[in-house]
Amino acid sequence: IKIMEELDDDKMDRDSRFVYYSLLISNRDIPKAIEQLEILIAENENDIEALSAYISLMDFVGDDKKRDESLIKLISIDSENSFAFNLKGTLALRDKKYKDAEEFFLKSLKSDPENINSYIGRANSLMHIEGLEEESVLLFDAAEKIDPENPYIYSDRSRVLRFLKDYGRAE
């Protein structure tokens with residue numbers, strides 16, 4: 001970080017700045033990380049990776065206005081962006097709009113069929129839609145095949161199975 005801080009802004013290329021942003025996040029220096037992302041976006045407003053990171057960071061700090069503006073921008077650049085649909089699904093899930101969330105996660109999966117977060121999000125959405133709880137379990141099973149080490153798959157699937165009173169499979 002010290003080496004990066006000593007570089008002049010105009011001498012830092014895009015990849016170096018993104019590495020610097022990542023280091024700042026690792027050290028929990030959120031204000032400087034935001035500053036670096038804003039510089040990246042100012043240099044190239046169509047930088048999908050920088051916009052995606054910025055959206056996540058704005059959601060983390062609770063700046064819904066900047067998050068939503070950036071999300072709209074990202075979708076305008078790439079209307080099939082899996083990350084954008086996943087984030088919209090996550091926000092809808094958080095707001096208990098389960099059918100909307102399920103649709104966003106489905107769009108995310110159409111764009112990126114191996115997006116494990118979208119599998120988990122869609123399964124969690126279906127758990128709350130009457131009659132689709134068992135389909136939720138099947139999605140967790142599919143997610144497990146993609147990422148068998150992901151602990152969220154097991155804990156969330158167990159929660160659905162307990163809800164279904166299928167205690168044998170919930171263990």
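Here a colleague asks a modeller about the terms used for this predicted model.

Colleague: Let's start with the overall picture: how many helices and strands are there in the protein chain?

Modeller: The protein chain has eleven helices and zero strands. Its C-alpha atoms fill a box of roughly 60 × 30 × 25 Å along the principal axes. Of the 171 residues, 41% count as buried.

Colleague: Which residues have the most contacts inside the largest nonpolar core?

Modeller: They are Phe-18, Tyr-21, Ile-34, Leu-37, Ala-50, Tyr-54 and Leu-57, in a core of 23 residues. The helices α2 (14–26), α3 (30–43), α4 (48–61), α5 (64–77) and α6 (82–94) each supply at least two residues of this core. Its largest share, seven residues, comes from α4.

Colleague: And what makes it a nonpolar core?

Modeller: Its members are buried residues of nonpolar types, joined through side-chain atoms within 4.5 Å. In soluble globular proteins, nonpolar side chains tend to be buried together.

Colleague: What does Leu-57 touch, leaving out residues up to four places away in sequence?

Modeller: Leu-57 touches Tyr-21, Ile-25, Ile-30, Ala-33, Ile-34 and Leu-37. Apart from the largest core lies another core, of 16 residues, with Ile-120, Leu-139, Phe-140 and Ala-143 among them.

Colleague: Let's turn to α9 and α10. Why are these helices called roughly antiparallel?

Modeller: Helix α9 (residues 133–146) and helix α10 (residues 151–163) pack at an angle of about 160°. Angles over 145 degrees count as roughly antiparallel, and therefore α9 and α10 are roughly antiparallel to each other. Their axes are 10 Å apart, and α9 passes α10 in a left-handed crossing.

Colleague: Which residues make that contact?

Modeller: From α9 come Glu-133, Ser-136, Val-137, Phe-140, Asp-141, Ala-143 and Glu-144. From α10 come Ile-153, Tyr-154, Asp-156, Arg-157, Val-160, Leu-161 and Phe-163. By class, the contact has eight nonpolar, one polar and five charged residues.

Colleague: Glu-133 caught my eye there. How do you know whether Glu-133 counts as buried or exposed?

Modeller: Glu-133 has a relative accessibility of 13%. Buried means under 20%, so Glu-133 counts as buried. Glu-133 has its place in helix α9 and touches Leu-126, Met-127, Val-160, Phe-163 and Leu-164, not counting residues up to four places away in sequence.

Colleague: Now to the loops. What is the phi of Arg-28 near, and where does Arg-28 lie?

Modeller: Phi of Arg-28 is near 60°, a positive value in a residue other than glycine. Arg-28 lies in the loop between α2 and α3. Most residues other than glycine have a negative phi.

Colleague: Why is Arg-28 called exposed?

Modeller: Arg-28 has a relative accessible area of 70%. Exposed means over 50%, so Arg-28 is exposed.

Colleague: What about Lys-96: where is Lys-96 found, and what makes Lys-96 exposed?

Modeller: Lys-96 is found in the loop between α6 and α7 (98–111). Lys-96 has a relative accessible area of 61%, and the cut-off for exposed is over 50%, so Lys-96 is exposed. Lys-96 also has a positive phi, of about 65°, although it is not a glycine.

Colleague: One more, on contacts along the chain: what percentage of those with a separation of 6 or more comes from residues 24 or more positions apart?

Modeller: Residues 24 or more positions apart account for 41% of the contacts in the protein chain with a separation of 6 or more.

Notes. Residues are numbered from 1 along each chain as its sequence is written. This is a predicted model: local features need pLDDT of at least 70, side-chain atom pairs count only at pLDDT 80 or more; totals for chains, interfaces and linings use all residues. Side-chain values use heavy atoms; hydrogens and water are left out. Buried means under 20% relative accessible area, exposed over 50%, partly exposed in between (1.4 Å probe, protein chains only). Helices (H or I, at least four residues) and strands (E, at least two) are DSSP runs, numbered from the N terminus. Contact means heavy atoms within 4.5 Å. Axes are lines fitted to C-alpha atoms, for helices over the stretch in contact, and angles run from 0 to 180 degrees between N-to-C directions. Angles under 35 degrees count as roughly parallel, over 145 as roughly antiparallel, 65 to 115 as roughly perpendicular and the rest as oblique. A crossing is left-handed if the near helix is turned anticlockwise from the far one by less than a right angle, and right-handed if clockwise. Ala, Val, Leu, Ile, Met, Phe, Trp, Tyr, Cys and Pro count as nonpolar, Asp, Glu, Lys and Arg as charged, and the others, Gly among them, as polar.
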